[in-house]
Number of protein chains: 2
Amino acid sequence: MRKMNTELAAKLAQFPLFTGQSPEMLDKIAAVAQLRRYQRGQSVFCEGDAGNGFYMVSKGRVKIFKLSSEGKEQILHVFGPGEPFGEVAVFEGRSFPASAEAMEAMEAVFIGRADFIELIQKNPGLTLKMLSMLSLRLRIFAHLIEDLSLKDVPSRLARYLLFAVEKQKNSQKIELDITRGQLASLLGTIPETLSRIFSRFQANGVLITNGNEVTIQDIPMLEAIAEGSAKL
Amino acid sequence: MRKMNTELAAKLAQFPLFTGQSPEMLDKIAAVAQLRRYQRGQSVFCEGDAGNGFYMVSKGRVKIFKLSSEGKEQILHVFGPGEPFGEVAVFEGRSFPASAEAMEAMEAVFIGRADFIELIQKNPGLTLKMLSMLSLRLRIFAHLIEDLSLKDVPSRLARYLLFAVEKQKNSQKIELDITRGQLASLLGTIPETLSRIFSRFQANGVLITNGNEVTIQDIPMLEAIAEGSAKL
DNA sequence: CGCTGCGTTGAGCTTCTTCAACGATCGTGG
DNA sequence: CCACGATCGTTGAAGAAGCTCAACGCAGCG
């Protein structure tokens with residue numbers, strides 16, 4: 001039992017949310033945290049479920065998504081190691097507003113609602129981090145809403161690719177870390193449409209695709225498409 | 001000066017965020033808060049502006065929105081008395097993710113970033129309220145994303161109307177408190193499309209429109225349309 | 001070897017937007 | 001008091017964007 005807690009505490013220390021916490025505090029947190037494991041495709045929670053706590057990814061990735069009545073999926077987030085999810089239900093005290101599913105073998109730390117609220121109240125630094133994380137998510141959501149409502153699919157793809165280029169230190173060769181289908185769902189479209197647009201970009205010399213590898217050839221053009229000042 | 005502060009303190013006490021605060025605390029808050037007035041159509045802040053603080057509506061209404069490069073508008077929120085806005089920029093420390101404009105003569109209390117962060121850190125109750133508010137907004141955004149990505153316009157309108165019915169205590173006569181154009185922008189479409197759908201609903205006996213007054217006649221049908229199990 | 005999941009391509013169609021015109025309402029100034 | 005312009009809402013016709021459905025290729029894996 002002792003050993004398990006120190007292991008957990010070590011994991012907790014990795015999370016941005018908990019950096020700067022004293023070892024004693026980490027031990028306290030570890031005492032109320034549980035480690036949970038999921039297989040690829042396994043559901044973590046479903047929209048509407050009662051939210052009794054929140055999660056932080058320690059290994060693998062989760063997708064947070066909504067389903068339409070016809071089964072179409074809209075991905076809201078893809079979270080990897082260090083990122084928390086399911087907090088909305090904790091603070092707002094109701095059900096989960098979306099579903100979560102492991103995209104690959106995944107491991108997450110779970111902390112119950114009451115325990116976490118207690119932690120927060122005693123820890124102003126933690127509070128501010130949490131507020132800042134929720135704010136960041138609001139910003140991301142606002143961006144997604146803008147995309148869905150005001151931009152066409154080529155623009156969205158262009159924005160996504162430019163973001164990926166930036167994230168990978170401007171190397172023009174990008175490794176897509178999700179499948180085409182998932183990317184389509186993240187961009188609010190379907191695989192067929194996404195595929196057509198990739199082809200169109202390639203036909204116009206904007207990029208070259210090769211499996212999960214995409215080489216960007218014309219960044220200025222991509223920027224023009226992203227902001228809507230050029231069409232293909 | 002003294003008088004102004006007590007006036008302000010009285011206003012502050014009305015805000016859900018500050019209910020339960022001691023008179024002394026309210027005075028302290030009032031000392032760092034400013035009252036700002038806006039005319040209909042006046043901009044409060046623009047997307048990208050540096051966010052040095054946040055606002056709480058005390059009179060009138062604001063819309064929070066994004067603009068496309070062609071000038072199309074997507075409304076993210078409409079806020080009335082008691083509701084805070086612009087907090088994202090405070091906690092995340094960057095710029096405003098969207099623009100804000102007064103929809104009518106409006107009055108808002110402004111609190112600077114540093115002051116508010118100080119307040120928060122000394123006041124766990126305030127913290128939790130703030131977390132809960134941000135969470136609620138994330139939930140609302142998730143709903144909007146679902147609408148935009150997974151539902152057609154008739155569904156969105158149906159959902160909106162059902163929500164309004166519920167809000168107005170189930171009287172089937174609804175008073176729309178925003179213009180058609182604004183409603184279109186809130187639902188992620190344009191006035192022409194919205195108008196057509198209202199006509200279609202009316203032609204099928206689902207509702208009767210009369211200016212800003214809408215009388216719902218077939219709630220079950222509206223529910224069916226909202227969830228996508230019926231089309232017109 | 002066949003199966004299954006994933007990606008691609010084509011054809012047709014639905015939905016929504018665009019563009020244009022028109023009617024109604026309201027506030028203003030003559 | 002009326003005329004005027006501005007704003008808003010409505011309606012029609014045409015067009016574009018993206019979705020559905022179906023077929024096929026390809027790779028990985030039992």
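**Note on a two-chain protein model with DNA strands C and D**

1. H8(B) provides the largest share of the surface near DNA strand D, with four residues. Near means that a heavy atom of the residue lies within 4 Å of the strand. Helices here are DSSP runs (H or I, at least four residues), strands are DSSP runs of E (at least two), and both are numbered from the N terminus.

2. A word on the basis. This is a predicted model, in which local features need pLDDT of at least 70 and side-chain atom pairs count only at pLDDT 80 or more, while totals for chains, interfaces and linings use all residues. Residues are numbered from 1 along each chain as its sequence is written, chains are lettered from A and ligands numbered from 1 in the order in which they are written, and side-chain values use heavy atoms, with hydrogens and water left out.

3. How many residues surround DNA strand D? There are 17, and the closest are Val153(A), Thr189(A), Thr193(A), Arg180(B) and Ser199(B). Of the strand D atoms that come within 4 Å of the protein, 61% belong to sugar and phosphate. By class, this surface has three nonpolar, seven polar and seven charged residues. The classes are as follows: Ala, Val, Leu, Ile, Met, Phe, Trp, Tyr, Cys and Pro are nonpolar, Asp, Glu, Lys and Arg are charged, and the others, Gly among them, are polar.

4. Individual atom pairs on DNA strand D come next. A backbone N or O atom of Val153(A) is 2.8 Å from a phosphate oxygen of the strand. For Arg180(B), a backbone N or O atom is 2.7 Å from a phosphate oxygen. Arg196(A) points to a base instead: a polar side-chain atom of Arg196(A) lies 3.2 Å from a base oxygen. Two or more residues of this surface come from each of helix H6 (153-167) and helix H8 (191-203) of chain A, and from each of helix H7 (180-186) and helix H8 (191-203) of chain B.

5. Now DNA strand C. Here 18 residues surround the strand, the closest being Arg180(A), Ser199(A), Val153(B), Thr189(B) and Thr193(B). Sugar and phosphate make up 59% of the strand C atoms that come within 4 Å of the protein. H8(A) gives the most to this surface, with four residues. The class count is three nonpolar, seven polar and eight charged residues.

6. Which part of DNA strand C lies 2.9 Å from the side chain of Arg196(A)? A base nitrogen does, paired with an N or O atom of that side chain. Ser195(A) has a polar side-chain atom 3.1 Å from a sugar or linking oxygen of strand C. A polar backbone atom of Val153(B) is 2.9 Å from a phosphate oxygen of strand C.

7. The two protein chains are related by symmetry. A turn of 180° and a shift of 0.0 Å along the axis lay chain B on chain A with an RMSD of 0.0 Å. The superposition is by least squares on C-alpha atoms of residues with pLDDT of at least 70 in both copies. This is the relation of a two-fold axis. The copies meet through the same surface, because 100% of the interface residues of chain B are also interface residues in chain A.

8. The contact between the chains (heavy atoms within 4.5 Å) takes 45 residues from chain B and 45 residues from chain A. About 3,900 Å² is buried between them, and carbon and sulfur atoms give 69% of that area. Buried area is the accessible area (1.4 Å probe) lost when the two parts are put together, summed over both.

9. Four salt bridges cross this interface. A salt bridge needs a side-chain nitrogen of Lys or Arg within 4 Å of a carboxyl oxygen of Asp or Glu. One pairs Glu92(B) with Arg139(A), at 2.3 Å from N to O. H5(B) gives the most to the side of chain B that touches chain A, with 20 residues. That side has 22 nonpolar, 11 polar and 12 charged residues.

10. Over all chains, the structure holds 32 salt bridges. In one of them, the closest N and O atoms of Arg137(A) and Glu87(A) are 2.1 Å apart. Arg137(A) lies in helix H5 (residues 124-150) and Glu87(A) in helix H3 (residues 87-92) of chain A, so the pair ties together parts 50 residues apart in sequence.

How values were computed:
Polar contact = N/O pair within 3.5 Å; in protein donor to acceptor, adjacent residues only side chain to side chain.
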